[in-house]
Amino acid sequence: MSTVKLTVNGKAVSVDVEDRTLLVHLLRENLNLTGTHVGCDTSQCGACVVHVDGRAVKSCTMLAGQAAGSNVTTIEGLAKGDELHPMQAAFRDNHGLQCGYCTPGMIMSAVDIVHRHHSQGSGGKLDEETVRHELEGNICRCTGYHNIVKAVLDAAGRMKVAQAAE
Amino acid sequence: MYETNYHRASSIDDAVAQFAKGTDSKFLSGGQTLLPVMKQRLAAPSDVIDVAKIKDMIGIDVSGDTVTIKAATPHYDVAQSDAVKKAIPALASLASEIGDPAVRYRGTIGGSLANNDPAADYPAAVLALGATIKTNKRSIAAEDFFKGLFSTALEDGEIITAVSFPVPAKAGYAKFPNPASRFALTGVFVAKTKAGDVRVAATGASQSGVMRVGPIEQALKANWAASALDSVTIAASGLLADIHGSADYRANLVKVMGQRAVTAAG
């Protein structure tokens with residue numbers, strides 16, 4: 001057993017876990033943050049994606065101990081109170097989900113994609129091909145991806161506007 | 001996953017000391033292979049020594065004709081590095097196509113090489129470019145490093161600290177990714193050194209891991225052009241055959257990916 005200290009959604013937490021505990025299990029079972037899902041458990045589906053120090057990673061492929069000292073953001077940490085994050089709002093408006101199982105991971109990956117392209121100076125002008133390519137680590141078995149891609153492109157525009165307003 | 005003990009190393013010396021204390025230790029870098037294998041209970045190290053946050057093992061240095069990538073540098077950072085893009089664009093491009101974006105944030109060059117998966121991307125670049133693998137004990141030439149499937153010249157407790165690539169005159173990489181895993185069904189890295197030598201390495205193709213491809217090297221030495229490979233035949237003996245592709249299919253892929261790599265190199 002080890003004590004793992006990290007920041008999750010802005011709050012400092014300290015958790016006693018077995019060394020073999022994966023980050024996703026610390027989040028779900030110790031912190032009750034069950035928005036982060038376990039889909040495949042073989043590092044392929046992306047349902048468990050969270051942000052660790054600003055990078056979208058698969059929390060089923062990281063030991064809790066590896067995240068010690070890090071800043072973790074989960075799907076629960078995106079909205080500001082009752083106000084959805086632009087990516088969440090875009091998924092709702094574009095019907096970017098059906099069963100919803102993959103959605104938290106999709107949204108966390110998608111936010112990362114948009115941030116990455118904004119910071120690379122492409123002005124948030126993501127195209128469909130790029131979004132499809134960059135979502136290759138997230139699997140959805142319901143939607144056929146079409147509305148997910150639409151939602152990400154919609155959100156990229158909204159996030160750019162929000163960024164400009166700040 | 002079976003029980004294990006996690007240690008975060010503060011320095012290379014600390015990692016080596018921690019490793020020696022365990023009965024069956026393994027170094028853990030990005031963990032994008034080791035952790036899935038541990039989850040499947042195919043590996044059960046008594047101790048995992050996390051080297052990913054050792055400051056001396058992260059970063060990229062380009063000086064003169066050498067690109068040095070420290071071992072715990074994630075694929076994403078290599079892919080994004082302006083210095084690598086300028087010096088060896090094929091290497092940045094290779095890094096940008098490993099796995100998926102989440103894997104590239106965590107996976108590292110040292111971890112990829114130490115694991116030596118027969119379908120991993122980096123071994124092709126290391127062998128074709130004639131890179132040198134630096135460890136805590138010595139420097140190992142690419143030729144002497146890869147020893148077949150999942151085996152390397154590394155001794156128990158020896159840790160890769162950096163990889164140095166000589167800047168080539170031209171280089172290109174092309175891979176046919178397995179659509180599910182993104183590992184190379186076959187990937188070919190072609191390089192023309194500044195001295196005029198041609199070196200070509202293929203990953204994902206051979207039963208004994210990454211390999212040089214003599215027939216393609218000879219054809220490109222005579223004429224650096226994709227069309228120079230039209231008449232080249234790659235022997236299927238010794239190549240991998242599985243549900244994804246027969247040995248004959250992979251033999252043809254070596255040639256086709258070789259042609260695409262030459263086109264990419266320009």
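**Briefing: a loop residue in chain A and the build of chain B**

Leaving aside residues up to four places away in sequence, Gln98(A) touches Cys142(A) and Thr143(A). This contact belongs to a predicted model, and the points below begin with the surroundings of Gln98(A) before turning to chain B as a whole and then to one of its sheets.

**Gln98 in chain A**

- Gln98(A) sits in the loop that lies between helix H2 (86-93) and helix H3 (103-119) of chain A.
- Although Gln98(A) and Thr143(A) are 45 residues apart along the chain, their C-alpha atoms are separated by 6.4 Å.
- Gln98(A) counts as partly exposed because it has 14 C-beta neighbours inside 10 Å, whereas a buried residue would need 20 or more and an exposed one would have 12 or fewer.

**Overall build of chain B**

- The secondary structure of chain B consists of eleven helices and twelve strands, and the domain assignment divides the chain into domain 1 (5-50), domain 2 (55-166) and domain 3 (170-265).
- Between domain 1 of chain B and domain 3 of chain B, the distance from one C-alpha centre to the other is 34 Å.
- Along the principal axes, the C-alpha atoms of chain B fill a box of roughly 55 × 45 × 30 Å.
- The radius of gyration of chain B is 18 Å, which agrees with a compact globule, because a globule of 266 residues would have a value near 18 Å.
- Of the 266 residues in chain B, 52% are buried.
- When the contacts in chain B with a separation of 6 or more are considered, 60% of them join residues that are 24 or more positions apart.

**A parallel sheet in chain B**

- In chain B, three strands make up an open sheet, arranged in the order S1-S3-S2 with parallel pairing.
- Strand S1 (5-8) and strand S2 (25-28) of chain B stand at the edges of this sheet, and since each has a single partner strand, one side of each is left without a neighbour in the sheet.
- On average, and with direction ignored, neighbouring strands of this sheet are turned by 25 degrees against each other.
- S2(B) pairs with strand S3 (residues 47-50) of chain B in the parallel sense, over four bridges, and Leu28(B) stands opposite Asp50(B) in S3(B).
- As general background, the strands of a sheet pair through backbone hydrogen bonds, in either a parallel or an antiparallel manner.

Notes. Residues numbered from 1 in each chain as written. Chains lettered and ligands numbered in written order. Predicted model: local features only at pLDDT ≥ 70, side-chain atom pairs only at ≥ 80, totals over all residues. Helix = DSSP H or I, 4+ residues; strand = E, 2+ residues; numbered from the N terminus. Rg over C-alpha atoms; globule rule 2.2 N^0.38 Å. Contact = placed C-beta atoms within 7 Å. Domains from an automatic or database assignment. Pairing = 2+ DSSP bridges. Axes fitted to C-alpha atoms, helices over the stretch in contact; angles between N-to-C directions.
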